[in-house]
Amino acid sequence: MKRSPTKILVLMLTSLASSVHAADLVQIANAAWSYDGTWRAARMSWDADQQLLVQGRAALFPNVSASYGRYDNERELEELGVTQDFGTETTTLQLTQPLFRVDAWYGYKEAQSSTDIAQANFEQARQDFVLRVAQGYFGVLRAWDTLVSAKAEEKAIGRQLEQTQERFDVGLVPATDVEEAQATYDLTRVNLIVAQQQYDIARDQLETLTGQRWETLSELKDALPMDGPQPANMNDWIEKARAQNPQLLAARYNSELSEKTAKRQLGAQLPQVQLVAQYQHSHTAPEDSGGAGFANGVNPDFESKQIGVEVNLPVFQGGGLNSRRKEAALRADAANFEYQQALRDIIQQARSAYRTVEADALRVSARKQAIRSARSALEATQSGYEVGTRNVVDVLNAQQALFAAERDYANARYDYIINSLTLKSTTGDLQQGDLAAINQWLSDTETLNIYQPDLEGRSDALVPDTRY
């Protein structure tokens with residue numbers, strides 16, 4: 001895209017003045033870190049899930065309980081014809097320590113697996129957050145490039161329509177040429193409206209993600225190292241996905257959890273042995289003894305201490321115990337099948353993501369060459385139109401092909417960035433540091449003023465350029 005020296009100077013001065021305050025990818029990520037509701041909810045859920053292990057372990061530790069009761073009693077001694085009214089206060093302390101509880105042990109193992117699942121889900125949420133930030137940032141830049149291209153195309157087709165009308169007025173072209181040019185111009189107007197809408201939506205989505213209004217964003221540099229996946233061996237990415245993909249890890253931990261649940265349900269049918277120690281104190285205060293005092297079997301104080309071993313064996317509960325055991329075993333089998341399918345899916349996703357990035361690298365180079373070809377074709381078509389060997393439809397088609405090639409090139413670059421991050425996410429290796437690395441691809445001088453964009457100046461600059 002060639003720019004006149006004057007426009008280049010104006011753009012450089014404007015960019016230098018605004019680049020000091022231009023937001024980049026790292027700043028957007030930092031703002032989203034503390035604002036994005038989905039990410040904050042994931043962090044709170046992670047903190048909550050850490051309590052699962054404590055709860056699962058609690059069944060193996062001593063259980064101490066205390067109780068107090070205050071009761072009013074009425075006692076009638078029929079042989080003596082005496083009625084006794086008295087109050088009772090009872091205090092009980094009890095300690096229970098499991099000695100043999102298979103179900104409690106596997107309940108603890110279930111809690112460990114649940115915590116592992118929570119860790120994998122949190123890791124997936126973190127990688128999703130990184131992807132959302134990149135998609136939000138480059139979504140604005142992508143929509144902006146599309147809008148600039150649509151505006152430039154509308155201007156170019158508009159100028160072509162004016163020239164065609166002038167040639168028609170002097171009898172050089174038929175009326176059909178004017179109608180063709182008018183139809184094409186109307187279509188570009190529609191495309192411009194759609195592009196403006198998409199840009200506004202992308203801008204609003206970035207604000208929703210970060211909770212801030214951004215005035216300027218840094219744009220991509222012209223020359224970027226888009227050489228394809230590194231390492232270049234697809235099997236390396238697949239093996240890493242096998243070992244680290246959070247969704248796959250969550251499926252594996254869920255399979256382990258289901259197996260432990262099945263063992264816990266089996267353990268619920270086994271004997272449960274526990275140590276029990278109890279202390280109880282009861283105090284009785286007379287209200288109306290009817291003259292009999294406490295001599296008729298009502299003692300003022302009572303104290304007892306117990307320690308021993310209890311053995312409980314659930315024998316029959318209407319078939320529920322055995323049914324729950326069978327259900328848990330079947331669900332364990334289902335979870336194992338789900339894990340196997342998740343493994344196959346992740347391997348396929350890693351292959352697809354690798355090939356997509358590999359193709360994106362080639363597409364970027366090919367799209368750049370397509371711009372050169374489209375520009376040469378447009379120049380040749382315009383020359384033919386001037387000498388009468390080509391008609392206006394050919395010129396309009398050539399112009400549209402050039403603008404389409406420019407849009408495709410811009411989209412190919414954004415696709416490469418997003419798909420590269422998606423590939424790393426597939427392997428479970430996407431980090432916040434990857435955003436910092438991509439941030440180095442942003443220009444220090446080229447900036448986008450989000451709410452007051454220089455749309456006219458940018459679109460005027462979209463003319464043949466030898467730098468492609």
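Here is a walk through the helix packing, ring pairs and loop contacts of this chain, which is a predicted model.

**The chain as a whole**

Let's start with the overall tally. The secondary structure comes to 12 helices and 6 strands. The chain has 468 residues, and 42% of them count as buried. What about the contacts? Taking those between residues at least 6 apart in sequence, 86% join residues at least 24 apart.

**Helices side by side**

Two helix pairs are worth a look. The first is α5 with α10: their axes are 10 Å apart and they pack at an angle of about 175°. Angles over 145 degrees count as roughly antiparallel, so that is the label for α5 and α10. Sorted by class, the α5 and α10 contact has 17 nonpolar, 12 polar and 6 charged residues.

The other is α2 (residues 25–35) with α11 (residues 432–439), whose axes come within 8 Å and cross at roughly 150°. These helices are therefore roughly antiparallel to each other as well. On the α2 side you'll find Leu25, Val26, Ala29 and Trp33, and they meet Gln432, Leu435, Ala436, Ile438 and Asn439 of α11. This contact of α2 with α11 has 7 nonpolar and 2 polar residues, with no charged ones.

**Rings that pair up**

How many aromatic pairs does a search of the whole structure find? It finds 10. One of them is Trp39 with Phe122, a stacked pair with 5.4 Å centre to centre and 25° between the planes. This pair links distant parts of the chain: Trp39 belongs to helix α3 (residues 37–49) and Phe122 to helix α5 (residues 102–169), with their positions 83 residues apart in sequence. Are these two rings' residues buried or exposed? Trp39 has a relative accessible area of 1%, so this residue is buried. Phe122 sits at 18% relative accessibility, and because buried means under 20%, Phe122 counts as buried too.

Another pair is Phe138 with Tyr414. Their ring centres are 6.2 Å apart and the planes are at 40°, so the pair is tilted. Phe138 is in helix α5 and Tyr414 in helix α10 (residues 392–426), which puts them 276 residues apart. Both Phe138 and Tyr414 are buried. Recall that α5 and α10 are the helices described above as roughly antiparallel.

The ring pairs also build a cluster, made of Trp33, Trp39, Trp46, Phe122 and Phe129. Trp33 is the α2 residue listed above in the contact with α11.

**Charges over rings**

Two basic side chains lie over aromatic faces. The charged end of Arg167 sits over the ring of Tyr385, 4.7 Å from its centre. Lys240, in turn, lies over the face of Trp237, at 5.9 Å from the ring centre.

**The loop between β3 and α7**

The loop between β3 (216–220) and α7 (234–244) holds Pro231. A cis peptide bond joins Gln230 and Pro231, with omega about 5°.

Lys221 lies in this loop too. At 34% relative accessibility, Lys221 counts as partly exposed. Which residues does Lys221 contact, leaving aside its neighbours within four places in sequence? They are Arg413, Gln440, Trp441, Leu442 and Ser443.

Leu224 is in the loop between β3 and α7 as well. With 17% relative accessibility, Leu224 counts as buried. Not counting residues up to four places away in sequence, Leu224 touches Arg413 and Trp441.

**A loop near the start**

Phe61 is found in the loop between α4 (51–58) and β1 (63–77). Its relative accessible area is 45%, so Phe61 is partly exposed. Leaving aside neighbours within four places in sequence, Phe61 is in contact with Thr96, Gln97 and Pro98.

The table gives the C-alpha separations for these three loop residues.

| Residue pair | Apart along the chain | C-alpha separation |
|---|---|---|
| Lys221 and Asp444 | 223 residues | 8.5 Å |
| Leu224 and Trp441 | 217 residues | 6.6 Å |
| Phe61 and Thr96 | 35 residues | 8.7 Å |

Key. Residues are numbered from 1 along each chain as its sequence is written. This is a predicted model: local features need pLDDT of at least 70, side-chain atom pairs count only at pLDDT 80 or more; totals for chains, interfaces and linings use all residues. Side-chain values use heavy atoms; hydrogens and water are left out. Rings of Phe, Tyr and Trp (its six-membered ring) pair if their centres lie within 6.5 Å; planes under 30 degrees apart count as stacked, over 60 as edge-to-face and the rest as tilted. Helices (H or I, at least four residues) and strands (E, at least two) are DSSP runs, numbered from the N terminus. Buried means under 20% relative accessible area, exposed over 50%, partly exposed in between (1.4 Å probe, protein chains only). A charge sits over a ring if NZ of Lys or CZ of Arg is within 6 Å of the ring centre and within 35 degrees of the ring normal. Axes are lines fitted to C-alpha atoms, for helices over the stretch in contact, and angles run from 0 to 180 degrees between N-to-C directions. Angles under 35 degrees count as roughly parallel, over 145 as roughly antiparallel, 65 to 115 as roughly perpendicular and the rest as oblique. Contact means heavy atoms within 4.5 Å. Ala, Val, Leu, Ile, Met, Phe, Trp, Tyr, Cys and Pro count as nonpolar, Asp, Glu, Lys and Arg as charged, and the others, Gly among them, as polar.
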